[in-house]
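Visitor: I'd like to look closely at one part of this structure instead of touring the whole thing. Could you pick a helix and follow its contacts outward?

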Amino acid sequence: MNKLREFFDHHQQTVTIVLIVLIAGYAVYELKLATLYGPAFGSDSVTYMTSARNLVAGNGFGLINPDGSFRFLPYAPPLYPLVLSIPAVLGLDQVVAGFWVNAVLFMATITMLGWGMWYLMRSTLAAVLLALLLAFSSVLIEMHIWIMTDALCLTMGMGSLLLMLIYLKTRSKKAFFWSAALAGLGVLTRYAGVGYCIAGALAVILLGSQAPKKRVVAG
C-alpha cells in the first residue's frame, strides 16, 4: 500500500492525465451509442457540409443556387466549414467526418478542462470528477451529436477561458496570447463566441493583480 501511494505521489500528473484521457475516450463511445443511425443534422448542417465540398471542388466557399449562380457562405462565420473541408480533401463522407470532428472535439474539451482543473488545483479527485461530469453530461452529448458549430465553438471558448485563468495565475504572455487567439477563433466559428472575448477581458479587468489602469489597458 505504501509503495502504491509512493508511486502515485511521484506520478500524480501522469496518472491523472491517463485517467482523464480514458474518460474522454469513453465519452466517444457514448457518442457512438447516441448516433446508431447517424449523427443529427439540419439545414444549417447541410450548408456547412456543402460549402466545404464546394470549396474543395474549386466552386467557391458557399452554395450553388438552383439557377446556377454562386452564393458565398450565408449568415455563418467560416471556421467550421473550413474544418469540415479538411476531411473533404481526403474524400471522406461528410456526415461521417462531421461525427468524428465532434468526437475529437468532445475528447479535447474533456481532456483540456480535466487537465486544467488538475493544473490549477493539483487535485486528482477534482480533475477526474470534472472529467466524469463532462463525459456524462446529457447536454454536452446532445451538443456533440449534431453537425453544427456548437462543439467547435465550445472547445475554442473553454480553451480560451482556461488559458486566461493560467495567465492570471502565472502572468504568462504565451497563455494570454493563445487565450486571445482561441477566443477569436470562437467568434470565427459562431458569432455568439464573442461572449468568450468579453469574459476574458472582464477577467483581466476584475481579477488581475496589476494596478486598475494597467488591467483596463490589458483587457
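Guide: Let's take helix α8 and work outward from there.

Bear in mind that this is a predicted model, in which local features need pLDDT of at least 70 and side-chain atom pairs count only at pLDDT 80 or more, while totals for chains, interfaces and linings use all residues. Residues are numbered from 1 along each chain as its sequence is written, and side-chain values use heavy atoms, with hydrogens and water left out.

Helix α8 covers residues 150-170, and T155 is one of its residues. Helices here are DSSP runs of H or I with at least four residues, strands are E runs of at least two, and both are numbered from the N terminus. T155 has 10% relative accessibility, so it counts as buried; the cut-offs are under 20% relative accessible area for buried, over 50% for exposed and partly exposed in between, using a 1.4 Å probe and protein chains only. What does T155 touch, once residues up to four places away in sequence are set aside? The partners are L105, A108, T109 and M112, where contact means heavy atoms within 4.5 Å.

Further along, M164 brings us to the largest nonpolar core. That core has 32 residues, and L31, F106, I110, M164 and Y167 touch the most other members. Helix α8 gives two or more residues to this core, as do α2 (12-34), α5 (94-121), α6 (124-135), α7 (138-144) and α10 (194-207). A core in this sense is a set of buried Ala, Val, Leu, Ile, Met, Phe, Trp, Tyr and Cys residues joined through side-chain atoms within 4.5 Å. Another core, of 15 residues, lies apart from it, with M49, A52, A76 and L105 among them.

If you ignore neighbours within four places in sequence, M164 is in contact with F176, S179, G200, A203 and V204. Now turn to α10, whose buried residues are Y196, G200, A203 and V204. These cover an arc of only 95 degrees around the axis, which puts them on the same side of α10; the arc is that of the directions from the helix axis to the C-beta atoms. Helix α10 itself has 14 residues and reaches 20 Å from its first C-alpha to its last, close to the 20 Å expected at 1.5 Å a residue. That expected span is 1.5 Å times one less than the number of residues.

Next, back to the start of α8 for some charge. Side chains of opposite charge can pair when their charged atoms come close. How many salt bridges does the structure hold? There's one: D150 with R190, whose closest N and O atoms are 3.8 Å apart. To qualify, a side-chain nitrogen of Lys or Arg must be within 4 Å of a carboxyl oxygen of Asp or Glu. D150 sits in helix α8 and R190 in the loop between α9 (173-189) and α10, so to speak a link between distant parts of the chain, 40 residues apart. Both ends are partly exposed: D150 has a relative accessible area of 26%, and R190 has 34% relative accessibility.

On the way from α8 to α9, the loop holds R171. R171 isn't a glycine, yet its phi is positive, at about 60 degrees. At 29% relative accessibility, R171 counts as partly exposed.

One more neighbour of α8 deserves a stop, and that's helix α4 (residues 79-89), with buried residues L79, Y80, P81, L84, S85, P87 and A88. The buried residues of α4 pack against α8, and also against α3 (43-57), α5 and α9. Right after α4 comes G91, with a positive phi near 80 degrees.

So, to gather up the picture around α8: T155 touches residues including L105 and M112, M164 is in contact with residues including G200, A203 and V204, and D150 pairs with R190.
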